Structure formats: C-alpha cells, structure tokens
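Here is a short tutorial in dialogue form. A learner asks how to read features of a model, and a teacher replies.

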Amino acid sequence: MRKDQTFENIIIRLKQYWQKKGCLLFEPYNSEVGAGTFNPATFIRILDKKPWNVCYVEISKRPRDGRYAENPLRFQQFYQLQVIMKPGPSDIQRIYLESLAHLGIKFKEHEIKFVEGDWDAPTLGAWGLGWEVWLDGIEITQFTYFQQAGGIDLSIIPVEITYGLERIAKVLQDVPSVFDLKWNNNLTWGDVYRQNEIEFSEYNFERADPEFLTSLFNKYEAEAKKIFNDGLVLPGYDYTIKCSNIFNLLEARGVISISERAKMIGRVRALANQAAELYLRKNSEKNEEESKEK
Amino acid sequence: MIDFLLEIGFEEFPPSLLKKTAEDLSVKVGKLLVDERIFYRSIRTIYTSRRFGALVLGLTRKQKPQIIEIHGPPKKLAFDNNGEPTEMLRGFMKANNLKATQIFTKKIKEGEYACGHKEIAGVNTEDILCEEVPKIIKSLEFPKTMVWTKGGFRFPRPIRWIVALLDRKPLRFKLAGVKADRYSSPNQHFSFKPIRLQKPREYLILLRHGGVVADPNERRKIILKRIKKAAEKIEGKLLYTDEMIEEINSTVEYPEVVTGEFENQYLDLPDEVLMAVLKVQGDLIWVKGTNKFICIFNGKKKAVQNVKKGYTHVVAAKLYDAYYYYKNDLKQGLQSMLEQTKKMMWLKDLGSLYDKAARLNRLVEMFKTVPELDLDVLKRSAMLCKADLLSQMVREKDFTFLQGIMGGHYAEIGGEDKQVATAIKEHYLPKFIGDTIPKTKEGSVLSVVDKIDNVVGAFLSGNRPSGSYDPFGVRRNAYAVVNVLDTCSINILLFEVIDNLLEMYNKDFDKNIISEFFIERFTRYLQNKKFRYDEIKAVLATWKGDVTDARIRCEALKKLRGKPDFTKLVIGQKRVRNILKDIKRIGVVNEELLKEEAEKKLYKKGLVTKSKIKELFQNRDYFKILNLLLTMRVDIDKFFDDVMVMCDDKTLRNNRLALVNYINSLFSQYADLSQIVIEGESQQE
C-alpha cells in the first residue's frame with residue numbers, strides 16, 4: 001500500500017481524477033438521503049437534455065444496514081462518491097477502470113468483475129441497467145446506465161458511477177475492518193464514526209418512534225404536494241427526499257408489512273414523479289421564453 | 001476459399017442471455033449463408049462475458065450462380081405463322097443473350113409464353129454480408145434491453161466494438177454508432193491495447209495471448225478441470241450443477257481458480273443459507289460438509305492471493321450476518337415471532353399477519369376429508385407459516401427468498417412436529433410457473449389456502465390486477481392455486497373456499513368478481529395443458545369449482561371430439577340451446593302426452609342413460625359418461641327430424657319443451673356442449 005493511501009486522500013484523488021475528465025465538483029445534499037442518486041445534482045439534472053457532468057461525495061444513510069459497529073463491512077451510514085456523465089462517453093468503462101488504476105489498483109493482481117445488477121430506485125421511479133463492480137469479490141461500485149427517472153424515459157442516457165468509498169479504501173489499505181481504516185495518519189474511521197454507528201443502530205432498530213415517524217411522513221407528503229401545486233420543484237422535491245428517509249427509518253424499525261411497504265414506496269414515487277414532470281414542464285417553458293427573447 | 005470472423009464486443013453481457021444469444025447469432029449466420037448459396041466448411045460459436053460472434057471457415061467468395069427461368073413475349077406474339085421468331089422474341093433473345101434453340105414455350109398463369117433460362121452470376125459474399133450481417137444483429141431478441149447512445153439502438157448492454165473481417169478486409173457497415181473493423185479487445189486484466197487482427201484464422205490464438213479463451217467449450221473444460229484440481233485436496237462433495245458452471249462460464253474470459261474458506265462455526269447454518277451466501281457472493285462452489293469453497297475468477301494467476309483474501313472476506317462478512325440473524329432468530333423462537341405478527345399489518349384494513357394466519361388456521365378445516373391429511377399438523381402449520389416473516393434472516397433482502405424454508409428450520413429446532421416444519425417449508429411453492437409443487441398433503445393445502453387468501457385479500461383491499469398492474473402477484477397466486485389443486489388432486493370446491501373466506505372477512509364484496517378471476521386463470525392453466533378454448537369453455541360453463549374434476553372432463557372431451565357422432569351431437573345441442581333460449585317456464589315431462597314414436601324413444605333412452613351415468617359420475621368416469629351421452633345422438637336426431645317441437649297444441653308443445661329440457665339437463669351435468677366450435681364456425685376468444 002502507498003503510505004499516503006488514507007481515506008481522505010482516496011477521496012481527493014478520485015475527485016481530482018473526475019475533475020480532469022470534465023466533471024463539476026459538487027458537495028453532498030443538505031438533507032438525509034439513502035444514496036447520491038437522490039441529490040438534485042443527479043435526480044433533477046439527468047431529466048433534461050443539457051449535458052451534465054458532476055462528481056460529489058454523498059453521505060448515504062441506510063438505517064436497516066446498521067450493525068451496532070459489529071460487522072466490518074456494514075453500517076447504517078457510509079460515503080459514496082457519485083459521478084454523473086450525461087451523455088456517457090463511449091469509453092466510459094475504461095475511464096472508470098483507469099480511475100481505479102489512478103488509485104493504485106493493479107489489474108494484473110486483482111479481479112475486477114462487472115456483475116449484472118439492474119438498478120432501480122422504486123421511490124424515485126428510476127431504473128437503469130448496469131453492474132455492481134466487484135474488486136476481488138467486494139462490491140466497490142455501482143455502474144448504471146439510467147433509463148428512466150421520475151417515471152420519465154430519459155432522452156439523453158446518463159451514466160451513473162457510484163463508488164463505495166469505505167470498501168475501496170478497505171481493499172487499498174488492506175485492513176480487516178472498515179473501522180480500522182486510516183482516515184488520515186492519526187485517526188481511523190472507527191475513531192470518527194464508531195459511536196455514531198452504535199447509537200444510530202440502537203435508535204433505528206429500537207428507539208425510533210413509529211407513530212412520530214408516520215405522522216412526519218404524512219405531513220411531509222402533504223407539504224410536498226402543496227408545494228408542487230404552487231409550482232415549486234426543488235422545495236417540493238426536498239420534502240420528497242425527507243419522506244424517503246422517514247420510510248427507510250420505519251422499515252428499519254420493522255413496523256411496515258410487505259404490502260404496506262409497497263404502498264408507501266408508491267406514495268414517495270408519486271411525489272418524485274410529480275417533481276420530475278414539473279421540472280421538465282417549467283424548463284421547457286423557460287426554454288421557449290429564452291428562444292423567444294433571442 | 002476465404003474465412004469470416006464476426007465479433008460483437010460489449011460491456012459485460014447478462015450471463016443468463018449470453019449462451020443463447022451467441023448460439024442464435026451463429027445459427028442465423030449459417031442460415032444466411034445457406035439461403036444465399038454461399039458455401040462454407042465450418043462455423044464456430046464464440047462468446048465470453050464481453051463478446052460474442054461466429055468464426056466461419058472456408059467460404060466461397062461468391063454466391064453460387066443461379067439459373068432462373070425468364071418469361072418473354074406471349075407465344076402468340078413470339079412466333080409468326082411459320083413458327084419463326086418475331087421481332088419481339090428476337091429482341092428478348094438479344095437482351096438476354098439467348099439462342100433460338102434455348103427458347104421453349106411454357107404455360108404459366110397468364111397464358112402460354114416464350115421462355116428461356118438465364119444464368120445469374122453470384123453476388124460477392126462481401127456484399128451480401130455487408131448488407132445482411134447488421135440486419136441479423138438487429139434481429140436478435142432479448143427480454144430486456146437498454147438505450148445508451150443517440151439514435152435509440154437497443155441491446156442488453158452497450159456495443160463498443162465490432163470485428164467483421166472477411167479474410168483480410170473489414171466489412172463496411174456501422175451499427176449503433178460503431179464501425180465494423182479489425183480491432184478486438186483483450187481481457188482488461190491483461191491489457192487495454194486493442195488486438196489487431198490480420199485475418200480470421202489467427203483470432204483464437206491472438207485472443208488467447210490477450211487473456212481471452214473465446215471458445216466457450218474450451219473455456220468450460222478449463223473451468224471444470226480447475227475446479228476438480230482444486231477439490232482434489234479437499235475431502236467432501238462438490239456441490240455444483242451444470243447451470244452454475246454455465247453461469248460461471250458466461251462471466252469470465254480467462255478462468256483461474258482459488259480456494260477459500262470460512263470459520264467452522266458457520267457449518268451450523270442450514271445448508272440452504274450457506275449455499276445462498278456462496279451463490280450471491282459470486283457463484284462460489286461449496287464443498288459440502290467442509291468449510292471450503294472454490295472460486296473461479298477472471299484474470300491472471302498473479303491475482304490469486306488478493307482474490308482469495310477478498311472473497312474470503314466477503315463470505316465471512318455475509319456469513320457473519322447470516323449467523324447473527326440465525327442465532328437471534330433461534331433465541332427468539334417461532335412462537336415469539338408469531339406474537340409479533342400481531343403488530344405487523346398484512347394489508348390495509350384487513351388486519352395483521354397474525355389475523356391472516358388465524359384465518360388460514362380456521363379455513364383449513366374445510367379440508368379435513370382430504371385423504372392422507374393430518375388436520376392437526378395442517379392447523380398448526382397454518383398458524384405458524386407467516387411467523388418467519390418477522391425473523392431477522394427473512395427480513396434481510398438477500399435471504400428473503402428463504403421465507404418458509406427458515407420458518408421450517410426454526411419450527412423443527414423449536415420442537416415442532418417434523419411434518420409441521422415440512423408444511424411450512426413447502427407452502428410458498430410453486431413460486432413461478434414450472435416450479436416444484438409441495439410434496440406433502442399438508443404443504444399443498446396450506447399453499448392453496450394461503451394463495452387464495454392472497455387473491456381475495458388483494459381484491460378486498462382494492463388491488464385487483466389490471467393490465468401490467470399486479471403488485472401483489474395476484475395472477476401468479478391464482479394460477480398456482482389451480483395448479484396445486486389439480487396436481488395434488490385435492491377435491492375441494494374452490495368457490496366454497498372463497499365463500500368461506502369472504503364470510504370470515506365479513507366484507508361486502510361481489511364474490512362473482514373473484515370467481516370470474518379464478519375461472520380466467522384456470523382457463524389459462526387448461527390452455528397451457530393444451531386443451532382448446534372451446535373445450536375449456538364448455539366444461540367451465542357448468543363448473544362447480546372442483547379443479548381436477550374439470551380437467552378430467554376436458555380430457556374426455558378432447559379424446560372424443562374426433563368421433564363423427566360428436567359433431568352431430570354438438571349441432572343438436574346448439575339447436576337445443578336455441579330452442580330453450582327464450583323459454584321461461586318449463587315443466588316436467590308427462591309420459592302420457594308423448595305421442596310420436598321418436599319422442600317416446602328419446603324419453604326412454606334418456607331415462608336409461610340417466611340411471612346408467614349416475615354411478616359413473618360418482619367414479620368420475622367421464623370418458624364412459626361422454627360415450628354414453630354420445631349414444632343418444634341417433635334418438636335426438638330422429639326426434640328433431642320427426643317431431644315438431646313448436647307445434648300449435650300448447651300442451652303438446654310444453655311437454656316437448658320439457659323433454660328437450662330433460663335431455664339437455666343430462667348433458668349439462670357434464671358440460672355445455674353447445675360451446676364447442678365445429679368446423680365452419682368461427683371460434684371466438
């Protein structure tokens with residue numbers, strides 16, 4: 001391992017790499033999300049026909065995956081590095097592979113496997129075809145050609161590349177557990193996040209109040225609908241994201257049945273679909289005005 | 001002689017589609033060559049995870065020339081009175097380079113014409129391939145495709161290169177924005193540098209240098225050899241199937257092998273769980289009874305240590321999870337999970353999962369007369385069958401498919417009767433069309449009632465399927481119900497089960513909607529059993545709800561419909577239906593009012609037949625019943641020929657109608673034969 005292969009340096013290197021490939025460097029969204037896809041820099045920006053290349057770290061919250069800091073590979077919160085290239089270049093797979101080489105991964109000494117993984121985010125009405133990328137059996141990236149978002153067929157196909165940063169760092173640093181990852185030369189990932197994992201695991205699985213969360217869900221949903229009716233996309237979408245997170249919490253708490261689950265997903269999806277339609281409608285109006293002015 | 005190489009390169013193809021698609025492609029290429037009269041010596045299918053194609057050796061450069069008949073002027077205009085060629089014919093001869101001796105006359109549809117044979121030189125193979133190969137690629141069919149580039153070309157994964165090399169020359173065509181050329185791609189673990197191909201014959205060897213075993217058969221052999229070699233050092237049984245090997249073969253270009261292991265404590269897990277973990281972590285092959293697994297990977301031998309470390313690690317993490325769930329679940333026990341199901345909503349306004357289990361527990365009492373069935377076992381398994389949905393194992397998405405299986409394990413370890421455990425394990429079967437059916441009576445009845453309840457519940461909660469909307473898989477559930485009832489010969493009236501369920505729910509709902517839905521699914525089931533639509537319609541028109549019974553009736557009908565009497569009988573039944581259609585009140589036959597010989601005879605025949613078939617119905621000997629009914633045909637025909645049913649005398653008329661109705665009732669005990677379509681009639685579906 002290279003001496004400077006710290007968690008933070010890995011993030012910096014990837015960001016620099018994608019910056020050179022023409023991506024705008026962006027930052028995480030300011031509200032809890034389950035994946036970088038929820039960030040408007042992905043979900044909203046992939047809808048229209050304008051080129052869009054972006055790279056950002058997203059803090060992903062997956063309440064169900066908490067393990068009270070006892071599993072070396074699973075946590076209720078981790079970092080993703082999200083890359084969107086719209087349209088995807090024809091050599092995008094190689095560009096991606098070279099990003100791994102840029103991190104110091106030698107292809108002759110590892111197996112890098114693209115494992116069929118059709119991706120869908122039912123709460124976002126989004127799906128795509130692609131792969132999980134496995135490095136020696138460990139999933140380090142989700143690589144997807146989006147086909148639909150917000151229930152809308154995308155006119156320009158974006159590629160989404162989502163790196164699981166902890167997992168890549170774990171392989172690069174060759175440590176048995178993510179908690180042992182060197183964040184910098186003084187502190188480990190465990191130093192930073194162990195207590196966070198233990199406490200949130202307990203909260204998510206044992207303490208979260210289902211009634212409180214359910215009422216929040218209902219209120220957020222109502223607010224989102226109202227805002228959409230007022231013609232505002234992004235604030236309405238903000239509440240859509242909040243609904244999705246509340247849903248994840250309720251699911252972790254184990255209080256939703258399989259069929260009720262399908263319904264709640266449908267309710268969030270309806271909001272996401274509304275956001276997407278409204279965004280496209282407003283933007284085509286805007287485009288028309290702009291072209292009139294010209 | 002020349003050679004041809006076609007290789008379509010893409011980003012990793014879905015393994016389950018690869019072999020079939022590659023084979024389709026080479027079959028189509030072979031067929032094209034045959035159809036186009038291009039000779040070839042051999043054709044070889046190639047595929048790896050990143051490419052498929054065909055290597056064709058020994059082609060002819062051109063199509064074989066073709067001799068076709070061409071038609072000149074009509075005979076009348078082709079020859080003058082002396083039989084000499086006219087100006088017109090000479091023009092035709094000149095244009096086609098024909099001598100007078102080569103001209104013959106022939107009658108074709110339009111009349112008699114002067115004709116000749118003409119040889120058409122073969123077109124260059126190259127031109128044909130340029131034209132047809134892109135069409136072949138476009139004609140490949142897939143269950144799921146994607147778009148990745150402008151123009152909207154669809155394929156399972158993005159096409160990134162095409163090699164189409166005819167001898168030393170690339171074919172000129174473009175597809176999905178990719179130009180056909182002579183550059184292939186090596187295994188990316190070996191190099192990124194494209195492989196330049198001079199000619200098709202060097203393909204396999206140059207690819208091999210680039211870390212690609214392009215011939216799938218050769219690769220399969222290497223895989224099996226490596227697995228066996230790795231297993232030599234381990235004492236245990238290799239657990240793999242041909243499908244697993246094919247799956248592995250479709251995900252690698254250059255197979256290497258490594259053995260990994262996990263901690264012995266995980267051998268406490270049920271085999272199903274261990275195998276599920278190894279499967280999802282990359283088609284790893286378990287050496288049963290040991291803590292070892294064999295992993296085929298794609299890449300270089302140099303990677304062995306890292307690959308071993310990586311896979312060992314993910315397997316350990318996954319097994320850790322599984323073990324953690326398993327121990328927690330065992331600690332908690334199925335009974336306590338059952339208590340928790342009281343808080344788990346099943347469907348909105350339809351109560352909890354516990355309520356569902358309790359409902360099934362009551363409902364199964366209807367089945368107590370089913371032979372070889374232990375009602376106590378059935379009732380207990382009904383009560384417990386949904387409890388494992390609250391187990392941690394089943395709530396984890398990679399293991400959700402073990403629902404039922406885990407419940408069975410937890411039941412058995414928790415001290416329940418072994419039969420109860422088996423019924424719980426089996427009750428989700430069949431999960432898809434063609435899946436296994438439960439083997440035990442208790443398992444199959446539980447499977448049936450659970451699924452009927454799913455269907456009824458979906459209807460009651462406003463989730464009936466329409467179009468592609470079927471979030472609860474109601475269609476699949478209903479299909480499975482009739483499938484299990486039939487396959488396991490469980491004689492129960494489906495409609496009674498539905499009635500009972502609706503009563504338990506105590507909801508106001510039109511039960512005919514649900515019955516109709518089951519009839520529709522049952523129709524589909526019988527169609528899949530190769531019964532014709534009209535046979536099914538005839539039987540289901542008078543159906544009481546016993547699935548097996550209906551299927552046997554269809555079988556007898558199918559066997560007998562070829563008989564000459566049968567068609568006449570059906571015509572008779574159609575007449576009967578028409579006669580009775582508008583009659584509202586029909587009395588019973590008064591024997592004294594029967595005047596004509598034919599009607600007396602028919603009535604007598606009816607009485608005899610009725611008494612004969614009564615016993616046969618109890619034994620479900622539908623073949624004999626239908627045969628007996630067929631023997632009435634002569635008397636029925638005679639009756640219609642000789643007797644005027646709609647006569648003026650009202651008393652006589654009513655009595656004759658009563659007779660017609662009486663005879664008809666004998667038939668409708670079996671089926672509504674008037675539904676059968678006979679030749680000349682159009683069949684409606």
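The dialogue below goes through a predicted model, from chains to sheets to cavities.

Q: How many helices and strands does chain A have?

A: Chain A has 8 helices and 9 strands. Chain B has 26 helices and 18 strands.

Q: How do I read the radius of gyration, and what does chain A show?

A: The value is set against the one expected for a compact globule with that number of residues. Chain A has 294 residues, so a compact globule would come near 19 Å; the chain has 20 Å, which agrees. Along the principal axes, its C-alpha atoms fill a box of roughly 55 × 50 × 35 Å.

Q: What radius of gyration does chain B have?

A: Chain B has 36 Å, whereas a compact globule of 685 residues would be near 26 Å. The box filled by the C-alpha atoms of chain B is roughly 105 × 100 × 45 Å, again along the principal axes.

Q: Let us turn to strands. Which strands of chain B does a hairpin of 2 residues join?

A: The hairpin leads from S2(B) to S3(B). Strand S2 covers residues 42-48 of chain B and strand S3 covers residues 51-59; they run antiparallel and are joined by 7 bridges. Within this pair, B:Arg44 has B:Leu55 in S3(B) as its bridge partner.

Q: How do I read a sheet order, for example in the open sheet of 3 strands?

A: The order lists the strands as they lie side by side. Here it is S4-S6-S5 in chain B, with antiparallel pairing. S4 (66-74) and S5 (104-108) of chain B are the edge strands, each pairing on one side only. From one strand to the next, the twist averages 50°.

Q: Which helix packs on that sheet?

A: Helix H3 of chain B, residues 87-96, touches S4 and S6 of chain B. The direction of H3 makes about 160° with that of S4(B).

Q: How many bridges pair S5(B) with S6 of chain B?

A: There are 5 bridges, in the antiparallel sense, and S6 spans residues 111-120. B:Phe104 stands opposite B:Cys115 in S6(B).

Q: What is the strand order in the open sheet of 4 strands?

A: The order is S15-S17-S18-S16 in chain B, and the pairing is antiparallel. The edge strands of chain B are S15 (237-239) and S16 (255-261), each with pairing on one side only. Neighbouring strands in this sheet are turned by 25° against each other on average, direction ignored.

Q: Where does S15(B) pair, and which helix lies across this part?

A: S15(B) is joined by 3 bridges to strand S17, residues 285-288 of chain B, and the two run antiparallel. B:Leu238 stands opposite B:Val287 in S17(B). Helix H8 of chain B (residues 271-280) lies across S15, S17 and S18 (292-298) of chain B, and runs at about 150° to S17(B).

Q: How many cavities of 30 Å³ or more are there?

A: A cavity is a space where a probe fits but cannot get out. The count comes to 4 cavities of 30 Å³ or more, and the largest holds about 100 Å³ of space.

Q: Which residues line the largest cavity?

A: Both chains contribute: A:Leu97, A:Phe107, A:Ile112 and A:Phe114 are among them, as are B:Glu12, B:Arg50, B:His189 and B:Asn298. By class, the lining has 4 nonpolar, 4 polar and 3 charged residues.

Conventions. Residues are numbered from 1 along each chain as its sequence is written. Chains are lettered from A and ligands numbered from 1 in the order in which they are written. This is a predicted model: local features need pLDDT of at least 70, side-chain atom pairs count only at pLDDT 80 or more; totals for chains, interfaces and linings use all residues. Side-chain values use heavy atoms; hydrogens and water are left out. On a 1 Å grid over the protein atoms alone, a cavity is a set of points where a 1.4 Å probe fits but cannot get out, and a pocket is an open set with protein on both sides within 12 Å along at least five of seven lines; lining residues have an atom within 4 Å of a point. Grid points are joined across faces, edges and corners, and a volume is the space filled by probe spheres set on the points. Ala, Val, Leu, Ile, Met, Phe, Trp, Tyr, Cys and Pro count as nonpolar, Asp, Glu, Lys and Arg as charged, and the others, Gly among them, as polar. Two strands pair if DSSP finds at least two bridges between them. Axes are lines fitted to C-alpha atoms, for helices over the stretch in contact, and angles run from 0 to 180 degrees between N-to-C directions. Contact means heavy atoms within 4.5 Å. The radius of gyration is taken over C-alpha atoms; the globule rule is 2.2 Å times the number of residues to the power 0.38.
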